[in-house]
Amino acid sequence: IEKVELERLEAGANLAFLDVYQDHEKIQLLIERSRLQDPSVLNQLHRGDCVQAKGRLCRTPAGELSVQV
């Protein structure tokens, strides 16, 4: 697997949105804080970090392709 990099992180009280890129392709991670064992891990992420996620493929109400984590 090639490098997957974090580009953007927006975190609210209940949800976090991360844009990740691989080979110039983007996908959004939609993370529900309540599903994380340690939600503070989101505070440790920075642009350029390598991330890995597993979840269900979906589209947001805005039509953006996302992985619901």
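Is Lys26 buried, exposed or partly exposed? At 39% relative accessibility, Lys26 counts as partly exposed, because the intermediate class runs between 20% and 50%. Keep that residue in mind, as the tour comes back to it. One note before you start clicking: this is a predicted model.

**Stop 1: the whole chain**

Show the protein chain as a cartoon and colour it by secondary structure. You should find five strands and zero helices, in the order β-β-β-β-β from the N terminus on. Now switch to a surface. About 5,100 Å² of the protein chain is exposed, and carbon and sulfur atoms supply 48% of that area. Of the 69 residues, 26% count as buried. If you like contact maps, look away from the diagonal: among contacts with a separation of 6 or more, 36% are between residues 24 or more positions apart.

**Stop 2: colour by confidence**

Recolour by pLDDT. The average for the protein chain is 82, and 86% of the residues score at least 70. Select residues 5-11, which are strand β1: among the elements, this strand has the lowest mean pLDDT, at 66. Then select residues 56-59, strand β4, where the mean is the highest, at 94.

**Stop 3: the β2-β3 hairpin**

Next, select residues 15-22 and 25-32, which are β2 and β3. These two strands run antiparallel and are joined by eight bridges. Together they form a hairpin with two residues between them. To see one of the pairings, pick Asp19 and look across to its bridge partner in β3, Gln28.

Zoom in on the turn. Asp23 lies in the loop between β2 and β3, and its phi is near 50°, a positive value in a residue other than glycine. Asp23 has a relative accessible area of 48%, so Asp23 is partly exposed. His24 is also placed in the loop between β2 and β3. His24 is not a glycine either, yet has a positive phi of about 65°. With a relative accessible area of 80%, His24 is exposed.

**Stop 4: the nonpolar core**

Hide the turn and show side chains for Ala16, Leu18, Val20, Leu29, Ile31, Leu42, Val51, Val67 and Val69. These nine residues make up the largest nonpolar core. The elements that give two or more residues to this core are β2 and β3, and β2 has the largest share, with three residues.

While β2 is on screen, a general point may help you read it. In a regular strand the side chains alternate between the two faces of the sheet.

**Stop 5: the charged network**

Now return to Lys26 and add Asp19 and Glu64. How are these three residues linked? Asp19, Lys26 and Glu64 are linked in a network of salt bridges. The general idea will be familiar: side chains of opposite charge can pair when their charged atoms come close.

Draw a distance between the side chains of Asp19 and Lys26: their salt bridge spans 3.9 Å, N to O. This value is worth noting because the cut-off for a salt bridge is 4 Å. Asp19 has a relative accessible area of 7%, so Asp19 is buried.

Then draw the distance from Glu64 to Lys26, where the side chains meet in a salt bridge of 2.6 Å, N to O. This pair links distant parts of the chain, with Glu64 in the loop between β4 and β5, Lys26 in strand β3, and their positions 38 residues apart. Glu64 counts as partly exposed, at 25% relative accessibility. The count of salt bridges comes to two.

**Stop 6: two loop residues**

Finish with a pair of loop positions. Select Thr60, in the loop between β4 and β5. Is Thr60 buried or exposed? At 15% relative accessibility, Thr60 counts as buried, because buried means under 20%. Leaving aside neighbours within four places in sequence, Thr60 is in contact with Gln28 and Ser66. You have already met Gln28 as the bridge partner of Asp19.

Last, select Ser34, placed in the loop between β3 and β4. Ser34 is exposed, with a relative accessible area of 68%. Add Asn14 to the selection and draw a line from C-alpha to C-alpha: Ser34 and Asn14 are 7.1 Å apart in space and 20 residues apart in sequence.

Methods:
Residues are numbered from 1 along each chain as its sequence is written. Side-chain values use heavy atoms; hydrogens and water are left out. A nonpolar core is a set of buried Ala, Val, Leu, Ile, Met, Phe, Trp, Tyr and Cys residues joined through side-chain atoms within 4.5 Å. Buried means under 20% relative accessible area, exposed over 50%, partly exposed in between (1.4 Å probe, protein chains only). Helices (H or I, at least four residues) and strands (E, at least two) are DSSP runs, numbered from the N terminus. Contact means heavy atoms within 4.5 Å. Accessible areas come from the Shrake-Rupley method with a 1.4 Å probe; for residues, only the protein chains shown count as cover. Two strands pair if DSSP finds at least two bridges between them. pLDDT is the predictor's confidence in each residue, from 0 to 100.
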